[in-house]
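Student: Could we go through this one together? I'd like to see what backs up each label.

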Amino acid sequence: MLRVGITGGIGSGKTALTDWLSTQGVVIVDADLAARVVVEPGQPALAEIAAQLGQEYLLPDGQLDRAALRKLVFADDTKRRTLESITHPRIRDELTRQMAAAQSAYVVLSSPLLLESGQSEMVDLSVVVDVPEAVQIERTMARDQNERALVEQIMAAQLDRATRISRADIVIDNSGSLEALHIRGAQLHRTLLARASA
Ligand code: ATP
């Protein structure tokens, strides 16, 4: 099975592209969703987080206190590495499992951190959805009702545009309309179907 990674910075249009591909019957495996699944109550990762980082990161209903944990690891690199050593192998296992179960001509792994996290090793090729930074900021602000400063802070923590593009096998320009993206999506789909059957 051909495994295709799709990534891009915040607000670049990963979801817009993968939503379109899924209308063509392509299975989309979502790394953000998998990251949530592995820390659900009852999952071993959640118990380990509580044991290693503190019971205070569990809410009264047994769910992970994401906001508190985010603050902790933002301020403390060692704690961040501890958290990642607990969650990353399990996210990887979950993604591997979902990709192996996929029943389509090829499978997509959609991940904002494909190139940063080593998840690119799990795919055969990487597709980057690309827009100029100004468009990224404008679309993210409109979608999330966020302040510009917050969007810029998130972008600063992600790979810069040039590095991301340099690591892509295929770049999809999403600076135009949604219709234009769908046309590029259709071209991409044809290319990937051809590679999958080669
Ligand atoms: P994130 O990493 O933040 O989840 P994303 O890469 O999945 O973002 P989308 O949510 O697909 O990005 O797109 C960001 C916003 O821009 C959404 O509101 C989406 O509807 C809009 N959008 C995406 N592509 C276009 C386009 N070509 N024209 C206009 N709006 C667009």
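**Strand pairing and the ligand shell**

Tutor: Strand 2 (residues 27–30) and strand 3 run parallel, joined by four bridges. Keep in mind that this is a predicted model.

Student: Why is this called a pairing of strand 2 with strand 3?

Tutor: Pairing takes at least two bridges. Strand 2 and strand 3 have four, so they count as paired. One bridge puts V29 opposite L109 in strand 3.

Student: What makes strand 1 (residues 2–7) a partner of strand 3?

Tutor: That takes at least two bridges again, and these two strands share five, so they pair, in the parallel sense. L2, for instance, stands opposite Y106.

Student: How do you know which residues of strand 3 (residues 106–110) are buried?

Tutor: Buried means under 20% relative accessible area. Five of the five residues in strand 3 are buried. Y106, V108 and S110 point one way, V107 and L109 the other.

Student: On to the ligand. What makes the K14 pair a polar contact?

Tutor: The cut-off is 3.5 Å between N or O atoms. An N or O atom in the K14 side chain sits 2.7 Å from a ligand oxygen, so the pair qualifies. For T15 the distance to a ligand oxygen is 2.5 Å, so that pair is in too.

Student: And why does N174 count?

Tutor: A polar atom of its side chain lies 2.8 Å from a ligand nitrogen, and the limit is 3.5 Å, so N174 counts as well. Taken alone, the ligand exposes 630 Å², and the protein buries 74% of that.

Student: Which element gives the most to the shell around the ligand?

Tutor: Helix 1, with three residues.

Notes:
Residues numbered from 1 in each chain as written. Predicted model: local features only at pLDDT ≥ 70, side-chain atom pairs only at ≥ 80, totals over all residues. Heavy atoms only, no water. Polar contact = N/O pair within 3.5 Å; in protein donor to acceptor, adjacent residues only side chain to side chain. Areas by Shrake-Rupley, 256 points an atom, 1.4 Å probe, with all protein chains shown as cover. Buried < 20%, exposed > 50% of the residue type's maximum accessible area, 1.4 Å probe, protein only.
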